[in-house]
Amino acid sequence: AREPSSRVRFALGYGAGFLFWFGLTPWIQWTLVRHADVPAAGAWAIFILLCLAKAVQLGVFAALAGSLMNVPRFGIPGVAALWVVVEWTQNYTGFEWLNLGNAAGDMSLPLRLAPVTGVWGISFAFALMSAVIAALLLRQRFASLWLFPLLGIFLLPELPAPERGDKTVVVVQPNIDNETVWSGELQTRTEEQMARLSLSLVGPKSPADMIVWPEIPGPFYENDPRFAELLSGVARTAQAGLLTGAVGRNPNGRPLNSALLLGPDGTKISRYDKVNLVPFGEFVPWPFGSVTDKISTGAGDFVPGAKATVSRVGGHHIGAFICYESVYASYVRRFAADGAEALFNLSNDSWYGKTSARYQHLQIVRMRAAENHRWIIRATNDGVSAVIDPAGRILRTEPEFREASARMRYAYRQDLTFYTRFGDWFVALCALLTAGLLFLPKALR
């Protein structure tokens, strides 16, 4: 706000943006070295290029925020609205990760905003507090008055109360090494391992409603008759629905990262094809395609699916989204809006080793539960497998980096939150406020 040059403000924000992404996502460099066979120096170069590209957004924020902070009366909420708009643009810049509002995962009061505004309203609240502090340092009179609207959070409904859940899911965590060199014998042994883990916790006196396998880092193809018969046999023996990751094919034969759903009678109910693919994992975003191959090469270049899929199993409707799709709030809400009464997240975070990425990912998934008031059952290859309640609370997790299966409780819900119904309405409101404050004063001069 003290700097008159927008170019200098951009440079300040750009530097801050670079430090932000460099500090938040160093696991990208590790992943490139470990799984893409990129030399350490080259991986650092690619990671730095990514940070330099992503830093543009915070540079734009700083350039515009400096002007907004000097707008009489409404500059402070204008800056918070601008933050939300810039944060929302990550959806369209190739890599979306950890919005500011995700920090509220364990804060029951600001989390009340999630079912109304989505994560964006929480980001706005945190950014508003920061803008007030900046305004006080600038000796702007009455700046702290902008904190009073936040008291309205107390008037919002409380988060859903804790409950045990009346349904049972068996979550399978196979702990398969991503670097496995597959053979027919090994694949058969792995399939038998998955079946054993599934059925070891199911019996006449311990029935289950669902069995969930994760996104599997192996050659498990939908059109493989042996794999299909294995899935059918597990579902029939357990008398439970079975949801698993697999590789599907589109009409042109191109591979799809898919989730297969079978009914208790062993018949296939549906297949969901992942729509939002992972940068560097399932495709390489521009302009890095000539620098490195994608990490996940086992099935060739994945192509995206077409739409969210909600399926009926056991008398209820469910939706399954795959791994990285959890970062897209406006996409995950479609499953609940289309009738999903519980959500399942199939993931393989073993690409990230023992880095912070898997815990960041879990934090993101929790927000999707709170936004839509839906239980989320998260099955991962080697952790963090978990069950999350409609308030975003983690009720149970499985130890990481080990073969395991666990019976977890969950429930179905049919209520629709305001955010589920109307999506990113708050982002649109922030965009209108930002545009009005930036352009209207100039037009009136």
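Which residues line the second largest cavity? In this predicted model, the residues that line the second largest cavity are Glu96, Trp97, Leu98, Asn99, Asn102, Val327, Ile364 and Arg368. About 30 Å³ of space lies in this second largest cavity, and its lining divides into four nonpolar, two polar and two charged residues.

**Cavities**

The structure holds two cavities of 30 Å³ or more. The largest cavity has a volume of about 80 Å³. Its lining is formed by Leu243, Ala259, Leu261, Ser270, Tyr272, Thr309, Ser311, Ile318, Gly319 and Ala320. By class, these are six nonpolar and four polar residues, with no charged residue in the lining of the largest cavity. Strand S4 (255-262), strand S5 (268-273) and strand S7 (316-322) each give at least two residues to that lining. S7 supplies the largest share, three residues.

**Unusual backbone geometry**

Most residues other than glycine have a negative phi, and most peptide bonds are trans. Two residues other than glycine with a positive phi are set out below.

| Residue | Phi | Loop | Relative accessible area |
|---|---|---|---|
| Leu98 | near 35° | between helix H4 (75-88) and helix H5 (114-117) | 17% |
| Phe401 | about 60° | between strand S11 (394-397) and strand S12 (404-410) | 32% |

Leu98, which also belongs to the lining of the second largest cavity, counts as buried because its relative accessible area of 17% falls under the 20% limit. Phe401, at 32%, is partly exposed. A positive phi, near 115°, also occurs at Gly339, which follows helix H9.

The peptide bond that joins Gly383 and Val384 is cis, with omega at about 5°. Val384 lies in the loop between strand S9 (376-380) and strand S10 (386-388).

**Helix H1**

Helix H1 covers residues 6-24, 19 residues that should span 27 Å at 1.5 Å a residue; the end C-alpha atoms are 26 Å apart, which agrees with that expectation. At the N-terminal end of H1, Ser5 acts as a cap, with a side-chain oxygen 3.3 Å from the backbone nitrogen of Arg7.

Which residues of H1 are buried? They are Arg9, Gly13, Gly17, Phe18, Trp21 and Leu24. An α-helix has 3.6 residues a turn, so residues three or four places apart point the same way. The cover over the buried residues of H1 includes helix H2 (27-35), helix H3 (40-68) and H10.

**Helix H9**

In helix H9 (residues 329-337), the buried residues are Ala329, Tyr331, Val332, Arg333, Phe335 and Ala336. What covers these buried residues of H9 includes both strands and helices. The strands among them are S5, strand S6 (310-313), S7 and strand S8 (342-347); the helices are helix H10 (357-372) and helix H11 (418-422). S5 and S7 also take part in the lining of the largest cavity, and H10 is among the elements that cover the buried residues of H1.

Conventions: Residues numbered from 1 in each chain as written. Predicted model: local features only at pLDDT ≥ 70, side-chain atom pairs only at ≥ 80, totals over all residues. Heavy atoms only, no water. 1 Å grid on protein atoms, 1.4 Å probe; cavity = no way out; pocket = protein on both sides within 12 Å on 5 of 7 lines; lining within 4 Å. Points joined across faces, edges and corners; volume = space filled by probe spheres on them. Helix = DSSP H or I, 4+ residues; strand = E, 2+ residues; numbered from the N terminus. Nonpolar A, V, L, I, M, F, W, Y, C, P; charged D, E, K, R; others polar. Buried < 20%, exposed > 50% of the residue type's maximum accessible area, 1.4 Å probe, protein only. Contact = heavy atoms within 4.5 Å. Expected span 1.5 Å × (residues − 1). Polar contact = N/O pair within 3.5 Å; in protein donor to acceptor, adjacent residues only side chain to side chain.
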